[in-house]
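Colleague: Please show me the model, and let us then discuss what may be read from it.

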Amino acid sequence: MADRNSRLSVKKEKGNGKEKSVKRPEKVVKNSENTPEQPKMEEEKRNGESAGASGAEVASTEEKSEFQPIELPPFEIVTGELMSQFYFKFQFRNVEYSSGRNKTLLCFRVDTAGGSVEPLKGYMEDEHATSHAEEAFFQQVLPNASQEYDVTWYVSSSPCLDCAAKLATILKQRKKLRLCIFCSRLFEWEEPEIVEGLRALVSAGCKLRMMKPSDFVHVWETYVDKDEESFTPWEDCQENYLYYVDKLADILK
């Protein structure tokens, strides 16, 4: 799949980066120019600009030197480990979103037929990845299609157009595979091509569901480094869950 910045028309989020709780969740942006750390970076930049003439001279010298591109880290599957509390609370929240949610987090459970083998559990993230987490799962976690598998995902947002098409193809090819996806929110759900992609995915055999409050608690208990802390879903979690349930029903009818 192509990089999301080149494939998707990304809509910049409104607001000043603060969480806002509303009845109608805004469409989700999987890529954004801003991150939660940006205010700090801008403050440091301002501090640097006020450091005086010596700082300006250093900056001028650095600008003359050859720019060395940053090498982005390779895609990494996180298995047998737990995500941070911040990742979960920020990326999985199902309300209107500030900028910075530029990852797809995918928590997975793989059960074999008969339950004779301990389920495989873990989570993945797809920032700076050549493949999105959905496709990479079948490339690196479950590449073998010879066995019968029940796969359950809890994802921070529903698949994009390309991922939905890839998943539909995989399900048609792997007759012994059953996939159920629980989504925190719907990605670009108003776009006609996204609607068609999700319909095709369900037609291929995928069960597509929205995450209800108890599902968020389950992800917290199973995939988050909670350090013995309990989790209570945010105030409007149930309200926004019902909102997305209605939207998904409209998509799939």
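Colleague: What percentage of the 253 residues in the protein is buried?

Modeller: This is a predicted model, in which local features need pLDDT of at least 70, side-chain atom pairs count only at pLDDT 80 or more, and totals for chains, interfaces and linings use all residues. Residues are numbered from 1 along each chain as its sequence is written, and side-chain values use heavy atoms, without hydrogens and water. A residue is called buried under 20% relative accessible area, with a 1.4 Å probe and protein chains only. Of the 253 residues, the buried share is 44%.

Colleague: Where do the buried residues of α9 lie, seen down its axis?

Modeller: Helices are DSSP runs of H or I with at least four residues, numbered from the N terminus; α9 covers residues 237-252. Its buried residues are C237, N240, Y241, Y243, Y244, L248 and I251. Their directions from the helix axis to the C-beta atoms fall within an arc of 160°, so these residues line one face of the helix.

Colleague: Which residues have the most contacts inside the largest nonpolar core?

Modeller: A nonpolar core is a set of buried Ala, Val, Leu, Ile, Met, Phe, Trp, Tyr and Cys residues joined through side-chain atoms within 4.5 Å. Contact means heavy atoms within 4.5 Å. The largest such core has 37 residues, and α9 is among the elements that give two or more residues to this core. Those with the most contacts inside it are F137, V151, W153 and I181.

Technical notes: Buried means under 20% relative accessible area, exposed over 50%, partly exposed in between (1.4 Å probe, protein chains only). The expected span of a helix is 1.5 Å times one less than its number of residues.
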